[in-house]
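Open the model in your viewer and keep the selection tool at hand. This tour goes stop by stop.

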Amino acid sequence: MKIPKRIQPLIEDGLIDQVLRQLMSGKEATVYVVRCGTEIRCAKVYKEAGKRSFKQAVQYREGRKVRNSRRSRAMEKGSKFGRDEQENLWQNAEVDALYRLAEAGVRAPTPYGCIDGVLLMELVTDDNGEVAPRLNDVVLSPEQARRDHATIIQEIVRMLCAGLIHGDLSEFNVLVDSHGPVIIDLPQAVDAAANNNAEWMLERDVNNMRDYYGMSAPEILETKYAKEIWALFEAGKLTPTTELTGLFDEPTEEADVESVLVEIQEAFDEEQERLARINSADDEED
């Protein structure tokens, strides 16, 4: 097939020998099947910011750190240099996440590097060497649904223990090979400790999986893994080997809104008094 423009430099540098076919095109990238020497791999070509349909990038970027202060300032100002740096950060987030997940033992494609907006990684296949299907294309028996749901929950826990939340997990971002689920598509992965949206993102990921597998095994719909996992994580008690129950007792006490408002008012009054003392001291010095 015709070599995509973004892949051409990798061909010239000998990192890719042949583009075999397009595998898929999504909201963030287009993926191609490529040959690298004797290996068949994926080349994920990220779309430019203006052509992506992923609209909530700001929520996902929160907590991602840039060590270089000049780059950080440029990104805050939104200059062309800053926008380019923001793109590099977005594109490299997935390969960084994949390396962290590999170290944590999470089933995800093996990364081979990200060069000029092209991520080279493992092509996940079935026993026949064909591309592994997405979860939404697999017909599940109740037994397989229960088994694979338990597996994906364990993978989510391993991710969280490694400090990451997928942030967009669904039946479209999970492949199924002969050993079970494989998690893919991680450019929006978030830092669990540094992102204020982490809790609801985790809950959405877990509940998306619950709802999908629950269509084949309805008892899964009664589980409350999301709240159980987050409670253990916040308490510092979550480990990759934690035995979960899928049960969680919701707090039954109503919030004491009046007391909270009183505390807010008292804090405000104290701050006003502090500012008044500062102004008074300044006046005396004058």
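Start by selecting I264, which is found in helix α8, residues 257-285. Helices (H or I, at least four residues) and strands (E, at least two) are DSSP runs, numbered from the N terminus. Add V257, V260 and L261 to I264: together they make a nonpolar surface patch of about 380 Å². Such a patch joins nonpolar side chains (Val, Leu, Ile, Met, Phe, Trp, Tyr) within 5 Å, from residues with over 30% relative accessible area and no salt bridge. Accessible areas come from the Shrake-Rupley method with a 1.4 Å probe, and for residues only the protein chains shown count as cover.

A word on the source: this is a predicted model, where local features need pLDDT of at least 70, side-chain atom pairs count only at pLDDT 80 or more, and totals for chains, interfaces and linings use all residues. Residues are numbered from 1 along each chain as its sequence is written, and side-chain values use heavy atoms, with hydrogens and water left out.

Next, select T38, in the loop between β2 (29-36) and β3 (39-46). Buried or exposed? T38 is exposed, at 77% relative accessible area. (Buried means under 20%, exposed over 50%, partly exposed in between, with a 1.4 Å probe and protein chains only.) Now add D17: its C-alpha atom is 9.3 Å from that of T38, and the two are 21 residues apart along the chain.

Now for salt bridges: a side-chain nitrogen of Lys or Arg within 4 Å of a carboxyl oxygen of Asp or Glu. The whole structure holds 7. Pick D185 and K44, which meet at 3.1 Å, N to O. D185 sits in the loop between β8 (180-183) and β9 (190-191), K44 in strand β3, 141 residues away. Both are buried.

Move to E219 and R146, bridged at 2.8 Å, N to O. E219 lies in the loop between α6 and α7 (225-234) and R146 in helix α5, so this pair ties together parts 73 residues apart in sequence. E219 is partly exposed at 40% relative accessibility, and R146 is partly exposed at 39%.

Last stop: the cavity. Which residues line the largest cavity? Select I156, M159, L164, I165, H166, L169, L202 and D205. Elements giving two or more residues to this lining are α5 (142-161), β6 (164-165) and α6 (198-214). About 40 Å³ of space lies inside.

Key: 1 Å grid on protein atoms, 1.4 Å probe; cavity = no way out; pocket = protein on both sides within 12 Å on 5 of 7 lines; lining within 4 Å. Points joined across faces, edges and corners; volume = space filled by probe spheres on them. Patch = residues over 30% accessible without salt bridge, like charges linked within 9 Å, V, L, I, M, F, W, Y side chains within 5 Å.
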